[in-house]
Amino acid sequence: MAKRNKKVGIIGEYVACCGTSLRKMVKKIDISQHAKYTSSFCGKTKMKSQAVGIWHRGSCMKMVTCCAWTYNTNSAIIVKSAIRRLKGLKDQ
């Protein structure tokens, strides 16, 4: 049988030039960047990264500038929930 190419996954371009710890960090960032996220406008899982920091939802034509590699960071989620909670307390 002929020799086949080795399956290296999403970080195949970094196999020879980087160490394993750097490759693991790049793999985590790369997977989160190319994943689809839930749209805050319509609720569907269709929000994709168009460029670094620009997130685009195709069918409802919404564009959001946000974090570079993920749609929401942990600190942004905490701040949004705190603002929502404080608005609720203000209304009461």
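Two strands are taken to pair if DSSP finds at least two bridges between them, and it is on this basis that the sheet of the present model, which is a predicted one, is described. The sheet is open and consists of four strands in the order β1-β2-β3-β4, with antiparallel pairing. Its edges are formed by β1, covering residues 37-38, and by β4, covering residues 62-65, each of which pairs on one side only.

Strand β3 can be followed through its contacts with β2 and with β4. Towards β2, the antiparallel arrangement of residues 45-51 with residues 54-57 of β3 is held by three bridges, and within this pairing A51 stands opposite I54 of β3. Towards β4, the pairing is likewise antiparallel and extends over four bridges, with I54 placed opposite T65 of β4. I54 thus has a facing residue in each direction, A51 on the one hand and T65 on the other. In the hairpin that β3 and β4 form, four residues lie between the strands, and M61 adopts a positive phi near 55°.

A further feature concerns charge on the surface, where K36, K44, K46 and K48 gather in a positive patch. Among these residues, K36 is located in the loop that connects α1, spanning residues 20-34, with β1. The relative accessibility of K36 is 47%, and because partly exposed residues are those between the limits of 20% and 50%, K36 is assigned to that class.

Notes: Residues are numbered from 1 along each chain as its sequence is written. This is a predicted model: local features need pLDDT of at least 70, side-chain atom pairs count only at pLDDT 80 or more; totals for chains, interfaces and linings use all residues. Side-chain values use heavy atoms; hydrogens and water are left out. Helices (H or I, at least four residues) and strands (E, at least two) are DSSP runs, numbered from the N terminus. Patches are made of residues with over 30% relative accessible area and no salt bridge: like charges are joined within 9 Å, nonpolar side chains (Val, Leu, Ile, Met, Phe, Trp, Tyr) within 5 Å. Accessible areas come from the Shrake-Rupley method with a 1.4 Å probe; for residues, only the protein chains shown count as cover. A salt bridge is a side-chain nitrogen of Lys or Arg within 4 Å of a carboxyl oxygen of Asp or Glu. Lys and Arg count as positive and Asp and Glu as negative; His and the chain ends are not counted. The place of a charge is taken as NZ of Lys, CZ of Arg, CG of Asp or CD of Glu. Buried means under 20% relative accessible area, exposed over 50%, partly exposed in between (1.4 Å probe, protein chains only).
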